[in-house]
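Me: I'd like to learn how to read the pockets of a protein model. Can we go through one together?

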Amino acid sequence: MKLTDDEQNMLDGCDGPAVQKAMDLLVRYGEALGAERLVQTNNVCGTFVAAGPMIREFASKGNDAIFSEFNLDSSERVEMPPVKAYTCHLVMGIDSKHPEMNAGLEDTVRIQKEGEKFFGAKGVNMLATCTPYQVGNVPVMGEHCAWMESSAVIYCNAVLGARTNTEGRESTGAASITGRIPYFGLHIPENRIATHLIDVQVPVDDMMDWGLLGYAIGEMVEEDIPAFRGLSAQPNMIKLKHFGAAAASSGGVEMYHIPGVTPETRSEEYAFGGRTPRATRVYGQAERRIAYEKLNSTARSNDVDFIMLGCPHNSIEQVGLAARLLEGKRLSPNTSLWVFTPRALKEVADRSGYTDIIRAAGGHVLTDTCPAISRIMPKDTKVVATDSAKQAHYLPAITGVQAWFGSVADCVEAAVSGRWNGRLA
Ligand code: F3S
């Protein structure tokens, strides 16, 4: 790999042992991927604070040891320097602020808060969400980023036109203190060109439609890049957030093109860079129904215990919608409802009165994490309902629950009645 003088100095240890280890990691990682050079980045989204099993093993060793082991892949403890790149923290292991989610986890809460303080002092911004673009981290077109979290990566590439591969905890940790990431994959313009044409033959309009389309397309193209024909309704941030999260769950989609919508897609021809599509696929009624049935394939009981909204984390508009649907109603005594949003937006939800409405109905607005990451759900949950294709995909596999997927209205109705009555229109 060809390094600049600055990069060679970092590798030689001129900026201290942590930066040296970080640069060594990036060079090895880049060379394994065939990258010929690094690229400067000033936008990193990763995870730093201890969570899950690492808490038990590493908390007593301190946060420098956690950073060394989990962000630099080094069993030798080195002191973490201040970050060089603008760096944001994605989701946490638990919601440390709300006892609905952290009862009995006092030690974890303490360790997480200590971690937030430690890494915050190093310059890591504690956004604590999988949707950094909802709370102020909005990179511009062409900006080289180093982001983890598949739903954020696809949004960053396709909707914002910024450039990132799906990075890991180690590479984002190394990027944060060097301001570099290997130049390969979606950093390179030719690799962002569409490969598959998707001929959409059914209306795709509401959030559930976009989730179904994303889930079907992820299975069709896997890790390739789709471009769409036939999408006539204007999407918005919420719909594209759900679409991308679904496509990145059933497949590994990191980039897509919608002519007239996504910034690198002036036209269909432009999306393919003048080349012929490698394949054309149809998305019609049959494909839509198959996606719906797959997403609901784990559900057997119509008696619902737990309703999860907010994967990826809800926008304030989505929290407001849930509040409006719940206003004046009460949850069934057999159900729990958790609505997840970034902590910064929870403040807005509180001030807008949404949190009070949801609480009055018996639900909770939570932040920082989600059940798929934390593995925490209300006690004895067996059947979940969610408006998120991503959560419906992962929760049964991770926790063994049954999951229903439907619209927000289907989910709120299930929270109130205790029964799943959703169906595909
Ligand atoms: Fe976010 Fe958890 Fe979904 S991290 S994208 S709410 S699985």
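Me: How many residues of the shell around the ligand are nonpolar, polar and charged?

Reply: First, this is a predicted model, where local features need pLDDT of at least 70, side-chain atom pairs count only at pLDDT 80 or more, and totals for chains, interfaces and linings use all residues. Residues are numbered from 1 along each chain as its sequence is written, and side-chain values use heavy atoms, leaving out hydrogens and water. For the classes, Ala, Val, Leu, Ile, Met, Phe, Trp, Tyr, Cys and Pro are nonpolar, Asp, Glu, Lys and Arg charged, and the others, Gly among them, polar. Here the shell has seven nonpolar, three polar and two charged residues.

Me: Which residues are around the ligand?

Reply: A residue counts if one of its heavy atoms lies within 4 Å of the ligand. Among them are Cys130, Glu149, Cys311, Cys370, Ile373 and Lys390.

Me: Where does the ligand sit?

Reply: In the largest pocket, with "sits" meaning more than half of its atoms lie within 2 Å of the pocket's grid points. A pocket is an open set of points on a 1 Å grid over the protein atoms alone, where a 1.4 Å probe fits, with protein on both sides within 12 Å along at least five of seven lines; lining residues have an atom within 4 Å of a point. This one is lined by 40 residues, with Ala51, Met92, Gly93, Ile373 and Ser374 nearest its centre. The lining splits into 20 nonpolar, 13 polar and seven charged.

Me: Why does the largest pocket lie between two domains?

Reply: Because domain 1 (5–189) and domain 3 (298–417) both give residues to its lining; domain bounds come from an automatic or database assignment.
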